[in-house]
Structure formats: C-alpha cells, structure tokens
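Let's take a walk through this one together. Have the sequence and the model open side by side, and we'll go from confidence to charges to rings.

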Amino acid sequence: MATDKANDDRQSMQAQDGSGTHQGGNGWLADHKAAWIGAVAAVVAALIGLLGTVLGNQHDDGSSAADSRPSASTTSAAATSPAIGERSPSANTGPADVQESGGVQWQGVLALDDQPAGNKDLDTTQPVSSGNPLDDKTDLYGYFGEIRARNNAKASLWTGSDLPDYADCVSTVDSAGAEAQRVKVGTVLCIRTSEGRVGRLKATAADGSTTSMQFEGIVWGRAAH
C-alpha cells in the first residue's frame, strides 16, 4: 500500500512539473519550431510582394491618365485653327488700306458714255461727271461696248454664278483688273477707283452701237485706319 501511494504521488508531481506525456508534447513543438518560422516568413514575403505590385499598378494608371491628356500647345493650335469653310484672313490680295470695307459709300444706277456728262468720278459720295475722259478725276467712261478706266482705276470681269461681295471684288480686280473690258447686258464687273475704293457694276443696258451704257452699281467706302 505504501508503494502504491508513493507511485501515485510521483505521477502527480510529474503532471505538475510538465514531465511524463506533456514533456513529450513540448518536445514536438521544439522540433518543428524552425519549420513554423520559415512558413511565417514566406507568408510575410508574399504579402510584401503583393503590396508592391498594387502600388506599382496605381502609379502606372496615374501616368497613363496624365499622358492621355492633350498638351497645352496642341489645344492652343486646335483653338486657333480656322474652321472649315471660313475665309482665311490673308485671302484678300489688295493693298492693306482696303482689306476691310468701310461700308456702302454709294449704291444706285450709273450711266456712262464718252460725253462730258457720262465720264464719272466714283470717289465722291455720289458719282459725278468729271467733265471729260482726260480729266484727272475720271474713273470710268463708256465707249462703244467697252467700259474704260482712267487715272489708275481698273475693271475686271466677274464670272461667278452669284454677285460678288466686297472681298470677291478685292481679289478679282487686283489679280485681273484692266483699263478696258467688253460689256453686254448682264456683264458683271468689279472695279477699283483711282483713290483705291472698290465697287461692283452689273450692266443693264449696252449694245455696242453707241457709247452709252447703264449699270446697277455699288461702291464701298475705305475702312478707317
């Protein structure tokens, strides 16, 4: 009996101080400690790699968005480019002081011939007789189916389907203006006066058998500078 009690006491003490079967369990953890540490380190390394990839993708997305925005110079060039169908500011080829119209100076019926009353100065607010074709105020006169220009005035034929406007006449009279043009009913002319004003004439009467002819006309004033 004394021996059995001694054995029971020994087993109780071993349970309290971690000996016996519990000591065997603590030995297994100690043997596998290195494996657990390695596994934890691998997990931490994987997480760090994943975080780096996410941050890198965010940086790339930001760069791509910035690159896709148009540069200031491109936007400026697009804004200043003329729209399709607009007239270029350099389309007119006349002198700088007549690039812009100063408005209508005169509009009405104009009669021309080679007589004193039919030689016209068109630089006044109302066309007036200049007296004779050789007068230094004469711009235009009529002569047997021709309109004739004097004192550096000139006239050009217009062949477009619509009546020319100011800019059209500036362009054509400077490129094709001459001192004489043949005229018949319906002929449209662009003119420049001796003082540089621009006008348009459409013949309503002209048969070539006389010096007289008649036009519906308009003269634009010079723009103020």
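What follows looks at how far to trust the model, and then at some side chains.

First, a word on confidence, since this is a predicted model. The chain averages a pLDDT of 75, and 61% of the residues score at least 70. Two stretches deserve some caution. Over residues 15-25 the pLDDT stays under 50, and the model gives that stretch two contacts beyond four places in sequence. Residues 70-98 are also below 50, though here the model has 27 contacts beyond near neighbours in sequence. Where pLDDT is low, the predicted coordinates should not be read in detail.

Now for the charges. The count comes to five salt bridges. Take D123 and R197, whose closest N and O atoms are 2.9 Å apart. D123 sits in the loop between strand 2 and strand 3, and R197 in the loop between strand 8 and strand 9, so this bridge ties together parts that are 74 residues apart in sequence. D123 is buried at 9% relative accessible area, and R197 is buried too, at 15%.

Another bridge joins R192 to D174, at 2.7 Å from N to O. It links strand 8 with helix 5, 18 residues apart. R192 is buried, with 6% relative accessibility, while D174 is partly exposed at 23%. Back at D123, shared partners bring D123, E195 and R197 into one salt-bridge network.

Then there's R182, which meets E146 in a salt bridge of 3.9 Å. This pair connects strand 7 and strand 5, 36 residues apart, and R182 is exposed, at 52%.

So what about R200, over in strand 9? R200 is buried but has no salt bridge; D165, the nearest side chain of opposite charge, is 7.2 Å away. What the R200 side chain does reach is the backbone oxygen of P164, at 2.7 Å. Beyond its neighbours within four places in sequence, R200 is in contact with residues including L163, C169, V188, E216 and W220.

That last residue, W220, leads us to the rings. There are two aromatic pairs by count. Y143 and F144 pair edge-to-face, 5.0 Å centre to centre with 90 degrees between the planes. Y143 is partly exposed at 32%, as is F144 at 37%. Y166 and W220 are edge-to-face as well, at 5.6 Å and 85 degrees. Y166 lies in helix 5 and W220 in strand 10, so their pairing ties together parts 54 residues apart in sequence. Both of these rings belong to buried residues: Y166 has a relative accessible area of 10%, and W220 has 9%.

Note on methods
Residues are numbered from 1 along each chain as its sequence is written. This is a predicted model: local features need pLDDT of at least 70, side-chain atom pairs count only at pLDDT 80 or more; totals for chains, interfaces and linings use all residues. Side-chain values use heavy atoms; hydrogens and water are left out. Buried means under 20% relative accessible area, exposed over 50%, partly exposed in between (1.4 Å probe, protein chains only). Lys and Arg count as positive and Asp and Glu as negative; His and the chain ends are not counted. A salt bridge is a side-chain nitrogen of Lys or Arg within 4 Å of a carboxyl oxygen of Asp or Glu. A polar contact is a pair of N or O atoms within 3.5 Å; within protein, one must be able to donate a hydrogen and the other to accept it, and residues adjacent in sequence count only if both atoms are side-chain atoms. Contact means heavy atoms within 4.5 Å. pLDDT is the predictor's confidence in each residue, from 0 to 100. Rings of Phe, Tyr and Trp (its six-membered ring) pair if their centres lie within 6.5 Å; planes under 30 degrees apart count as stacked, over 60 as edge-to-face and the rest as tilted. Helices (H or I, at least four residues) and strands (E, at least two) are DSSP runs, numbered from the N terminus.
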